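Please find below my comments on the model, set out as numbered points for discussion. They concern the packing of the interior and the geometry of two helices.

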Amino acid sequence: MNNRSVWDGLYLDSGTHQRSREEGFVRVSQAAAGGRRSFDAVVPRTILVLAPHADDEVISCGGTILKYAQWKCEVAVIVVTSGAGSGPGGEAPDRIAEKRRKEFETAKRALRLSDRSEFLGLEELQINRSNVRRFTDIIRSIQPDIVLFPNPNDSHRAHRNTALLTMEALYHAPTQAHPSRDRAWLPLGAYFYETPSGVFGQGVQAETLVISDITEQFETKKKILNEIYASQTQLLSAFEGWVEALARHRGEAGRCRFGEAFCPNMTHVPLKLLLI
Ligand SMILES: [Zn+2]
């Protein structure tokens, strides 16, 4: 198994720890008791975000995506469904799907996403063999260090099925299953993210939360939600207050102004890399 690692190239000379963004580190400065404290954090090379609909990636992890992209991490978002079921009343489903595809193209630039990001546009997301293979192939072709996806207790079916397919794919990806076995891949961490229909602590059990500090990215996240995903304005305006209140609430837990929460999932992926 050819497992690229964030640790590659870390020690260039015996005893000398080379630290730079190119080699996978970033120096972070955070408020701490009595002042500020700096520390080095490992930056993954690639993060893969599985989004059931175009906009879930922003609502759930937009700040974290922006932050890691600034740190030169490649972030690839795969939008799974066409989202044709969600739009202003009376509009034809294929027109809504086309709008959402275009909105995602704009969001891709705003979020500085990788060219390997994709809008799959599936209509009905079933848990079946061909979709498990499709998700396994996605993980094997992107070869991410970290995978972010919804949690399997999300009330929304497309979110829930995206989570279940991702988990099954994470199980298969490092094995010899499926024809893409020559690219078998084990990420360094897998995390659930929260959505308006799957909030940690409210119907979704989550004992351990990892808080990503998005204080500097929060305004941009809001702007992308409001200005780019215009087809979802009606829906999203209902969530706007929610997004801000939750970001403040998670920020309190993370000792920062605004935060996004993630729950490590170690069912098939041992946790080797922390989101910060
Ligand atoms: Zn969604």
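## Notes on the core and two helices

1. Since this is a predicted model, the points that follow describe computed features. What covers helix 4? The buried residues of this helix are covered by elements that include strand 5 (46-51), strand 6 (74-81), helix 3 (129-142), strand 8 (146-149) and strand 9 (189-193).

2. Helix 4 is itself mostly covered, with twelve of its 16 residues buried; among them are polar or charged side chains such as His159, Arg160, Asn161 and Thr162, alongside Ala163, Leu165, Met167 and Leu170. The helix runs over residues 157-172, and its first and last C-alpha atoms are 22 Å apart, close to the 22 Å expected at 1.5 Å a residue.

3. The largest nonpolar core comprises 63 residues, and those with the most contacts inside it are Val49, Val75, Ile139 and Leu148. When residues up to four places away in sequence are left out, Ile139 touches Leu48, Pro144, Val147, Ala169, Leu170, Ala173 and Trp185; of these partners, Ala169 and Leu170 are also listed among the buried residues of helix 4.

4. Helix 1 (residues 56-70) deserves a careful reading, because its 15 residues should span 21 Å at 1.5 Å a residue and its end C-alpha atoms are 20 Å apart, which agrees. There is nevertheless a kink of about 80° in helix 1, centred on Gly62.

5. Helix 1 is also mostly covered, as 13 of its 15 residues are buried, and the helix is followed by Lys72, whose phi is positive, near 65°.

Key: Residues are numbered from 1 along each chain as its sequence is written. This is a predicted model: local features need pLDDT of at least 70, side-chain atom pairs count only at pLDDT 80 or more; totals for chains, interfaces and linings use all residues. A nonpolar core is a set of buried Ala, Val, Leu, Ile, Met, Phe, Trp, Tyr and Cys residues joined through C-beta atoms within 7 Å. A residue is buried if 20 or more other C-beta atoms lie within 10 Å of its own, exposed if 12 or fewer, and partly exposed in between; C-beta atoms are placed from the backbone. Two residues are in contact if their C-beta atoms, placed from the backbone, lie within 7 Å. Helices (H or I, at least four residues) and strands (E, at least two) are DSSP runs, numbered from the N terminus. The expected span of a helix is 1.5 Å times one less than its number of residues. The bend at a residue is the angle between axes fitted to the seven residues ending there and the seven starting there.
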